[in-house]
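Hello,

Here is the structure I promised to pass on to you. Have a look at it first, and then read on for what I found.

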Amino acid sequence: MAESNERPPTARTTYVVIAALIAAVCIGVGLWFLLARGDDDEPTAGEPIRTASETPITPPVTTPVVPTVTPPAATPTGMPTTPNTAPPGTGAPATPTDGRLDTRTVSFADARGLPKVFAVAESAQQDADVLAGVFAGNPTKRPAEPAPATDFARNVVVTVTVDAGCLDPEGARLYAHGSRLTLDVRLPDRSAPPECLAPYTRLARFEVPRTSMPTRPVLDGSPPAIPTANPRP
């Protein structure tokens with residue numbers, strides 16, 4: 001009896017299954033490689049997909065350079081201060097000048113029987129103190145206040161006694177030569193009388209700019225002072 005070359009049906013089925021499994025494995029490996037390579041290009045979940053043409057190009061932002069400003073050193077607090085105890089008229093001016101000082105004659109009144117005075121008032125209160133000291137015993141001789149009033153932010157008031165001799169003076173002007181003050185008295189154009197029993201005395205009050213007043217003025221060698229009494233001259 002001759003031997004047949006055909007294999008049993010069971011063996012053929014086994015080969016077919018094995019071949020199918022190998023093919024499936026190969027397909028799975030190939031898909032796995034494809035998916036692994038595409039993971040880097042896939043967008044994050046929830047993020048819209050954009051192409052290169054859809055993505056706007058944002059120019060670089062240049063931050064302006066702001067120069068650093070160092071603030072001035074703060075003035076230390078709690079430092080003791082020295083009060084200004086300088087006498088009236090001794091405040092340092094900006095540019096003291098020689099020559100005529102007065103810019104206005106506040107008053108030019110009779111001063112016979114009044115104490116002699118040389119004072120520099122730097123405020124309205126100091127000016128009031130000068131007048132109170134000079135006219136303490138003769139309030140009726142006190143001259144009227146000027147109009148307009150002195151602006152003490154810009155000026156000082158120099159009060160000085162003018163000894164005119166036997167001629168009644170018509171006015172006076174105030175000059176400075178360094179720190180030394182002098183008076184130029186304007187007398188009437190006539191001769192003095194042969195007798196002079198009661199020489200004329202005037203009280204001149206001059207308005208002087210602060211910037212023109214000498215630092216430490218003197219008149220006849222004496223510094224200014226505010227009168228506090230009313231002694232007889």
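Aspartate 163 and lysine 116 join their side chains in a salt bridge, with 3.2 Å from N to O. Aspartate 163 belongs to strand 4 (residues 155–165), while lysine 116 sits in the loop between strand 2 (104–110) and strand 3 (118–121), so the pair ties together parts that are 47 residues apart in sequence. On the aspartate 163 side the relative accessible area is 48%, which makes that residue partly exposed. Lysine 116 is exposed, at 56%. Please keep in mind throughout that this is a predicted model.

A second salt bridge makes a nice contrast. The side chains of aspartate 127 and arginine 205 meet at 2.6 Å, N to O. Here helix 2 (residues 124–134) supplies aspartate 127 and strand 7 (residues 200–209) supplies arginine 205, so this pair links parts that are 78 residues apart in sequence. Are these two residues buried or exposed? Both aspartate 127 and arginine 205 are buried.

There is also a salt bridge between the side chains of arginine 142 and glutamate 145, at 4.0 Å from N to O. Arginine 142 is partly exposed, with a relative accessibility of 37%. Elsewhere, Asp110, Arg112 and Lys141 are joined into one network by salt bridges that share partners. The total for the model is 11 salt bridges.

Strand 7 deserves another look for threonine 201, which lies in it. Threonine 201 has a relative accessibility of 16%, and it counts as buried because the cut-off for that class is under 20%. Leaving aside residues up to four places away in sequence, which residues does threonine 201 touch? Its contacts are Ala109, Asp110, Ala111, Arg112, Thr161, Val162 and Asp163. You will recognise Asp110 and Arg112 from the salt-bridge network, and Asp163 from the salt bridge with lysine 116.

Now for the overall layout. The protein chain has two helices and eight strands, and from the N terminus on they follow the order α-β-β-β-α-β-β-β-β-β. Four of the strands make an open sheet in the order 1-5-6-8, with mixed pairing. Its edges are strand 1 (99–100) and strand 8 (218–219), each of which pairs on one side only. Strand 6 (residues 180–186) and strand 8 run parallel and are joined by two bridges. If you want a place to start looking there, arginine 180 stands opposite valine 218 in strand 8.

Across the protein chain, take the contacts between residues at least 6 apart in sequence: 82% of them join residues at least 24 apart. Of the 233 residues, 26% are buried. The chain exposes about 16600 Å², and carbon and sulfur atoms supply 58% of that area.

On the surface, Tyr15, Ile18 and Ile22 make a nonpolar patch of about 310 Å². Isoleucine 18 lies in helix 1 (residues 9–38) and is partly exposed, with a relative accessible area of 41%.

Two details of the backbone may also interest you. Alanine 147 and proline 148 are joined by a cis peptide bond, with omega at about 0°; proline 148 lies in the loop between helix 2 and strand 4. Aspartate 220 has a positive phi of about 55°, although it is not a glycine. Aspartate 220 is found in the segment after strand 8 and counts as exposed, at 73% relative accessibility.

Finally, a word on confidence. The mean pLDDT of the protein chain is 75, and 62% of its residues reach 70 or more. Over residues 40–55 the pLDDT is below 50, and this stretch has three contacts in the model beyond near neighbours in sequence. Residues 74–94 also stay under 50 in pLDDT, and for them the model has 22 contacts beyond four places in sequence. Where pLDDT is low, the predicted coordinates should not be read in detail.

Best wishes, and enjoy the structure!

How values were computed: Residues are numbered from 1 along each chain as its sequence is written. This is a predicted model: local features need pLDDT of at least 70, side-chain atom pairs count only at pLDDT 80 or more; totals for chains, interfaces and linings use all residues. Side-chain values use heavy atoms; hydrogens and water are left out. Patches are made of residues with over 30% relative accessible area and no salt bridge: like charges are joined within 9 Å, nonpolar side chains (Val, Leu, Ile, Met, Phe, Trp, Tyr) within 5 Å. Accessible areas come from the Shrake-Rupley method with a 1.4 Å probe; for residues, only the protein chains shown count as cover. Buried means under 20% relative accessible area, exposed over 50%, partly exposed in between (1.4 Å probe, protein chains only). Two strands pair if DSSP finds at least two bridges between them. pLDDT is the predictor's confidence in each residue, from 0 to 100. Contact means heavy atoms within 4.5 Å.
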